[in-house]
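The following report describes how parts of a chain pack together in a predicted model. Please read it alongside the structure.

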Amino acid sequence: MFDSAPLPPITRTSKIFVLTGAGISAESGLSTFRDSGGIWEQHKIEDIATPEAFERDPLKVWHFYKERRRNIRSAVPNPAHYALAKLEKNLPVENFTLVTQNVDNLHRLAGSQNPYHMHGELSKLRCVDCHTVTENLEDFKGLPFCRCNGLLRPHVVWFNEMPFYLDVILDRLHECDIFVAVGTSGQVYPAAGFAGRAKSRGATTIGINTESPANMEYYDYFFKEKASVALPMLIEKWIVDIKKGT
Ligand code: OAD
């Protein structure tokens, strides 16, 4: 795969930033958003993924998220998730950053220690009144309520809301040497702008996707391949580089 496009070698001192999107979990059986048959083809964003939708009809919104919570309960990580956890183990903690737009828990299940879930996590709920976040993937009937009696909402980022961890994510992005985006369509900002930002600050940018993303122009290297194939190959190569250099 890399013969036609030899990649720069890395060392233990290279700072690597990885951004993942729905495509990395597609091979674990979880739907993407914008592929044919994807989530946004079956549901209207304004009905289930905005703060206004939740105020209008919390049961309808929870119906959608309960279904997605059920789906992730049975999903297991695939080789792409495991490869990222392996890369993390081979680098000093300060030189590896994993940011995901995904709300599933597959990076953690694969062994990643600190994935930044910039769009939140389906396994967590947040009180609309006291803002307490609780972790709980169990099923429940009707609407869930906090100990303070406030309504609980999914701890996910809806449209028109700010992503989580943006300060630390941008700090890490601005200092990275290598930026890798996997399985993301490059259509939702701010994540869609990360490749351009990293490139403008001198990082080498790599994209892995089964289709061309909308921000294709910002990738120095692009591998049109499934995440579960390309990522383990790339990471095995890098681990050889790291071991040679130590
Ligand atoms: P999308 O559904 O927009 O894009 C998924 C991408 O994965 C597409 O570009 C596919 O070509 C690619 N893909 C599919 N299968 C793949 C595979 N096996 N290997 C590699 N690539 C594959 O999902 P995201 O870009 O993650 O936000 O969407 C970004 C955000 O939009 C989501 O986090 C969500 C959504 O609205 C919120 O809900 C706030």
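Ala 26 lies in helix H1, which covers residues 22-26. With a relative accessible area of 35%, Ala 26 is partly exposed, since that category takes in what falls between under 20% for buried and over 50% for exposed. Although Ala 26 and Asn 78 are separated by 52 residues in sequence, their C-alpha atoms are 9.2 Å apart in space.

The interior can be described through its nonpolar cores. The largest nonpolar core holds 27 residues, and those that touch the most other members are Ile 16, Val 180, Leu 231 and Trp 238. Several elements each supply at least two residues of this core, and they are listed below with their residue ranges.

| Element | Residues |
|---|---|
| Strand S1 | 16-20 |
| Helix H6 | 79-89 |
| Strand S2 | 96-100 |
| Strand S7 | 178-182 |
| Strand S8 | 204-209 |
| Strand S9 | 221-224 |
| Helix H10 | 227-244 |

Helix H10 gives the largest share of this core, with 8 residues. A second core, separate from this one, has 24 residues, among them Trp 40, Val 103, Leu 125 and Val 156. In soluble globular proteins, nonpolar side chains tend to be buried together.

Leaving aside residues up to four places away in sequence, Trp 238 touches Pro 8, Ile 10, Ile 16, Leu 87, Ile 178, Val 180 and Ile 206.

Helices H6 and H10 also meet directly, as their axes come within 8 Å and cross at roughly 20°. The two helices H6 and H10 are therefore roughly parallel to each other, because angles under 35 degrees count as such, and their crossing is left-handed. On the H6 side the contact is made by Pro 79, Ala 80, Ala 83, Leu 84, Lys 86 and Leu 87, while H10 contributes residues including Leu 231, Ile 235, Trp 238, Ile 239 and Ile 242.

Helix H8, residues 166-174, offers a further case, in which Leu 166, Ile 169 and Leu 173 are buried. These buried residues lie on the same side of H8, because they cover an arc of only 65° around the axis. An α-helix has 3.6 residues a turn, so residues three or four places apart point the same way. The buried residues of H8 pack against S1, S2, strand S3 (116-117), S7 and helix H9 (194-200), whereas the face of H8 turned away from its buried side carries the exposed residues Asp 167 and Asp 171.

Terms used. Residues numbered from 1 in each chain as written. Predicted model: local features only at pLDDT ≥ 70, side-chain atom pairs only at ≥ 80, totals over all residues. Heavy atoms only, no water. Core = buried A, V, L, I, M, F, W, Y, C linked by side-chain atoms within 4.5 Å. Buried < 20%, exposed > 50% of the residue type's maximum accessible area, 1.4 Å probe, protein only. Helix = DSSP H or I, 4+ residues; strand = E, 2+ residues; numbered from the N terminus. Contact = heavy atoms within 4.5 Å. Arc of directions from axis to C-beta. Axes fitted to C-alpha atoms, helices over the stretch in contact; angles between N-to-C directions. Parallel < 35°, antiparallel > 145°, perpendicular 65-115°, else oblique. Left-handed = near helix turned anticlockwise from the far one by under 90°.
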